[in-house]
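Here are a few exercises to work through at your own pace. Have a look at the sequence and the model, try each task, and then compare your steps with the solution.

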Amino acid sequence: MPTASVDSNDSTAGSVQAMATLTIRNLDNAVRDRLRRRAAEHGHSMEEEVRQILRQVVEPTKPAATKEGLGSRIHNHFARLGGLELELPARNDTPTAASFEP
């Protein structure tokens, strides 16, 4: 019965922090071998590979990127509430160019 033990005790910037140690029992040899190859492809140890995989899996989910602009997203959000027809006042004056002379 193979046992994989991951010890994540690490020291950073001269200070030692207590970190969790995780032991994984009954890990298939094929899984261990694929993990070893994956770690080698990424240029680090199996322990670091496992840490990175676990970080990715338990990281809070980020909202999916969208191609819609902010205005379209706001419109779509409120569109399900139903439309509202507003009566616009008639425009009686003719627009004129601004005068910058005193």
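A residue counts as buried under 20% relative accessible area, as exposed over 50%, and as partly exposed in between (1.4 Å probe, protein chains only). The model is a predicted one, where local features need pLDDT of at least 70 and side-chain atom pairs count only at pLDDT 80 or more, while totals for chains, interfaces and linings use all residues. Residues are numbered from 1 along each chain as its sequence is written, and side-chain values use heavy atoms, leaving out hydrogens and water.

**Exercise 1. Take stock of the whole protein.**

Step 1: List the elements, taking helices (H or I, at least four residues) and strands (E, at least two) as DSSP runs numbered from the N terminus. The protein has three helices and four strands, and their order from the N terminus is β-β-β-β-α-α-α.

Step 2: Look at burial. Of the 102 residues in the protein, 8% are buried.

Step 3: Turn to the surface, using accessible areas from the Shrake-Rupley method with a 1.4 Å probe, where for residues only the protein chains shown count as cover. About 9500 Å² is exposed by the protein, and carbon and sulfur atoms supply 55% of that area.

**Exercise 2. Describe how helices H1 and H2 pack.**

Step 1: Find the geometry, with axes as lines fitted to C-alpha atoms (for helices, over the stretch in contact) and angles from 0 to 180 degrees between N-to-C directions. H1 spans residues 29-42 and H2 spans residues 46-58; their axes lie 8 Å apart and cross at an angle of about 95 degrees.

Step 2: Classify the angle. Under 35 degrees counts as roughly parallel, over 145 as roughly antiparallel, 65 to 115 as roughly perpendicular, and the rest as oblique. H1 is therefore roughly perpendicular to H2.

Step 3: Name the partners, where contact means heavy atoms within 4.5 Å. H1 brings Arg 32, Leu 35, Arg 36, Arg 38, Ala 39 and His 42, while H2 brings Met 46, Glu 49, Val 50, Ile 53 and Gln 56.

Step 4: Inspect the loop between H1 and H2, where Ser 45 is found. Ser 45 is partly exposed at 38% relative accessible area, and its C-alpha atom is 9.6 Å from that of Leu 35, ten residues away along the chain.

**Exercise 3. Which residue of H2 forms a salt bridge with Arg 38, and is each partner buried or partly exposed?**

Step 1: Apply the rule: a side-chain nitrogen of Lys or Arg within 4 Å of a carboxyl oxygen of Asp or Glu. The partner of Arg 38 is Glu 49, at 2.4 Å from N to O.

Step 2: Place the pair. Arg 38 belongs to H1 and Glu 49 to H2, so the salt bridge ties together parts eleven residues apart in sequence.

Step 3: Check accessibility. Arg 38 is partly exposed at 35%, whereas Glu 49 is buried at 2%.

**Exercise 4. Survey other salt bridges.**

Step 1: Count them; the rule gives seven salt bridges.

Step 2: Examine Arg 32 and Asp 33, whose side chains meet at 3.2 Å, N to O. Arg 32 is partly exposed at 27% relative accessible area, and Asp 33 is partly exposed at 26%.

Step 3: Move to H2. The closest N and O atoms of the Glu 48 and Arg 51 salt bridge are 3.0 Å apart. Both residues lie in H2, three residues apart, or about one turn of the helix. Shared partners join Glu 47, Glu 48, Arg 51 and Arg 55 into one network of salt bridges.
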